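Q: I'd like a close look at one part of this model, with its surroundings filled in afterwards. Please keep it chatty, but spell out the cut-offs.

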Amino acid sequence: MDLNQYQEAACKTAIFPTDNSLLYLTLGLCGESGEVAEKIKKHIRDSGSLQNTYPLHYKEALVRELGDVLWYLANLAKELNVNLDYVAKINIEKIQKRMENNTLKGDGDNR
């Protein structure tokens, strides 16, 4: 499945208020991203480690939360009338330009 196929399938399952849809979807995206962070935090708490080795149950939980993040992202992009392939293409171009300019580190959108 490619990103656009996923977006099309995800958007078919979308049920949310159409008033303030961008706000609703953005808050959902933030909430699900927070759940990803919580899973990582709890792993650190429970294992006492910052290592990137996760027991299967943590990894599976993270994958489910990442899927929720992707669902909100897909629907948010659709509300902006863009497809996920386009979002991914623009992002890779931006990151590659930063790499070429040796500006991967630092801050600011236009570096």
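Which residues form a nonpolar patch on the surface, and about how much accessible area do they have together?

A: That would be Y86, V87 and I90, which together have about 240 Å² of accessible area (Shrake-Rupley, 1.4 Å probe, with only the protein chains shown as cover). Bear in mind that this is a predicted model, where local features need pLDDT of at least 70, side-chain atom pairs need 80 or more, and totals for chains, interfaces and linings use all residues. Numbering starts from 1 along each chain as its sequence is written, and side-chain values use heavy atoms, without hydrogens or water. A patch takes residues with over 30% relative accessible area and no salt bridge (Lys or Arg side-chain nitrogen within 4 Å of an Asp or Glu carboxyl oxygen), joining nonpolar side chains within 5 Å and like charges within 9 Å.

Within that patch, V87 sits in helix α4 (a DSSP run of H or I, at least four residues). V87 counts as partly exposed because its relative accessible area is 30%, between the buried (under 20%) and exposed (over 50%) classes.

Step back to the loop joining α3 (56-79) to α4 (84-100) and you meet N81. N81 has a phi near 60°, positive although the residue isn't glycine, and at 72% relative accessibility N81 is exposed. Most residues other than glycine have a negative phi. N20 plays the same tune in the loop between α1 (3-12) and α2: its phi, too, is near 60°, and N20 is exposed at 57%.

Now for the inside. α1 and α3 pack at about 90° with axes 9 Å apart, the axes being lines fitted to C-alpha atoms over the stretch in contact and the angles running from 0 to 180 degrees between N-to-C directions. The two helices are therefore roughly perpendicular (65 to 115 degrees). On the α1 side, Y6, Q7, A10 and C11 meet an α3 set including G67, L70, W71 and N75 (contact means heavy atoms within 4.5 Å).

N75, in helix α3, is worth a pause: N75 is buried, with a relative accessible area of 2%. Setting aside neighbours within four places in sequence, N75 touches A10, C11, A14, F16 and L25.

Finally, look at G28 in helix α2 (residues 21-47). G28 is buried at 13% relative accessibility, and its C-alpha lies 8.1 Å from that of V69, 41 residues away along the chain.

How values were computed:
Buried means under 20% relative accessible area, exposed over 50%, partly exposed in between (1.4 Å probe, protein chains only). Angles under 35 degrees count as roughly parallel, over 145 as roughly antiparallel, 65 to 115 as roughly perpendicular and the rest as oblique.
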